[in-house]
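Subject: Structure for you to look at, with notes

Dear colleague,

I am handing over the structure we spoke about, and I would be glad if you could read the notes below with it open beside you.

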Amino acid sequence: MYDNEPTMMGQGRPTATLVVRQGTQAGMSFVISGNQVVLGREEGLDIVLQDPESSRRHARVSWQGGRYVIEDLGSTNGTFVNGVQITMPQALNPGDSIGIGQTALVFQYSGAEMGPSYYQAPPQQAPAYPPPTPGVAPARSNQSTQYILYGCGCLLLLCICSLLAVAGWALLDPASFEDATGIDVSMRAIELYLNLV
């Protein structure tokens with residue numbers, strides 16, 4: 001048997017491991033020892049996740065039809081495989097990333113001589129967090145939008161102050177204003193304007 005071949009358990013089932021790559025339990029690994037394991041926050045489960053965004057009974061990994069399969073158990077925040085939310089049972093392949101709340105796990109077969117904590121990083125694995133919701137911009141975009149709005153507000157304030165300064169100049173010194181702009185701002189012109197409006 002070669003080092004990279006999976007260890008076989010009873011009934012031709014390879015030994016599998018879930019390795020926590022992100023979250024409060026990062027670095028821990030859990031061996032899937034029975035025909036199924038249930039993951040969630042509830043004490044007494046096969047794999048207890050210390051993640052407030054995990055449901056009490058969040059997901060189940062089971063051996064079905066010669067493969068390990070993961071299914072969501074009606075969780076609040078969903079279960080993600082390679083960044084995609086699953087809505088029905090999904091077969092797992094070594095290196096698949098599983099996202100449950102803020103916890104990211106990697107599904108692996110355990111090597112014959114490497115023990116249950118063996119982990120080999122998959123090439124360019126997909127993120128374990130959910131994809132962005134349509135219509136909801138990422139946080140960086142929200143920050144850019146805030147800066148644009150602040151800039152527009154400052155520009156508007158500057159325009160209003162400039163108009164008030166020009167109006168004040170026209171009312172306080174109409175003669176120099178007329179010399180500079182050619183606009184007559186006498187009281188008679190203001191009265192005519194107000195009558196038109």
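The notes that follow go through the sheet, a charged pair, the aromatic rings, a loop and the cysteines.

Please keep in mind throughout that this is a predicted model.

I would begin with the sheet, which is open and built from five strands in the order 4-3-5-6-9, with mixed pairing. Its edges are strand 4 (47-48) and strand 9 (90-91), each of which pairs on one side only. Within this sheet, strand 5 (residues 59-64) runs antiparallel to strand 6, and six bridges join the two. As background, the strands of a sheet pair through backbone hydrogen bonds, in either a parallel or an antiparallel sense.

The charged pair belongs to these two strands. Glu 71 lies in strand 6, which covers residues 67-72, and the side chain of Glu 71 meets that of Arg 60 in a salt bridge, with 3.3 Å from N to O. Because Glu 71 sits in strand 6 and Arg 60 in strand 5, the pair ties together parts that are 11 residues apart in sequence. The count for the structure comes to one salt bridge. You may wonder whether Glu 71 is buried or exposed. Its relative accessibility is 17%, and since the cut-off for buried is under 20%, Glu 71 counts as buried. Leaving aside residues up to four places away in sequence, Glu 71 touches Ala 59, Arg 60, Ser 62, Gln 64, Ile 86 and Pro 89.

One of those contacts, Ile 86, is found in the loop between strand 8 (84-85) and strand 9. Although Ile 86 and Glu 71 are 15 residues apart along the chain, their C-alpha atoms are separated by 7.4 Å. Ile 86 is buried, with a relative accessible area of 7%, and, again not counting residues up to four places away in sequence, its contacts include Ile 70, Asp 72, Thr 79 and Val 81.

Strands 5 and 6 also bring us to the aromatic rings, since Trp 63 stands opposite Tyr 68 in strand 6. A search of the whole structure gives five aromatic pairs. In the pair of Trp 63 and Tyr 68, the ring centres are 4.8 Å apart and the planes lie at 65°, so the pair is edge-to-face. These two residues form one aromatic cluster together with Phe 107 and Tyr 109. Tyr 68 is buried, and its relative accessible area is 0%.

A second loop deserves a look as well: Gln 25 lies between strand 1 (16-22) and strand 2 (29-32). Gln 25 is buried, with a relative accessible area of 5%, and it touches Val 20, Phe 30, Val 48, Leu 49 and Gln 50, not counting residues up to four places away in sequence.

Finally, on the cysteines, how many disulfides does a search of the whole structure find? The search finds zero disulfides. For Cys 152, the closest cysteine sulfur is that of Cys 154, at 9.4 Å, which is too far for a bond because a disulfide requires sulfur atoms within 2.5 Å. Cys 154 is likewise in no disulfide, its nearest cysteine sulfur being that of Cys 152. As for accessibility, Cys 152 counts as partly exposed at 46%, whereas Cys 154 is exposed, with a relative accessible area of 53%.

With best wishes

Definitions and conventions
Residues are numbered from 1 along each chain as its sequence is written. This is a predicted model: local features need pLDDT of at least 70, side-chain atom pairs count only at pLDDT 80 or more; totals for chains, interfaces and linings use all residues. Side-chain values use heavy atoms; hydrogens and water are left out. Helices (H or I, at least four residues) and strands (E, at least two) are DSSP runs, numbered from the N terminus. Buried means under 20% relative accessible area, exposed over 50%, partly exposed in between (1.4 Å probe, protein chains only). Contact means heavy atoms within 4.5 Å. Two strands pair if DSSP finds at least two bridges between them. Rings of Phe, Tyr and Trp (its six-membered ring) pair if their centres lie within 6.5 Å; planes under 30 degrees apart count as stacked, over 60 as edge-to-face and the rest as tilted. A salt bridge is a side-chain nitrogen of Lys or Arg within 4 Å of a carboxyl oxygen of Asp or Glu.
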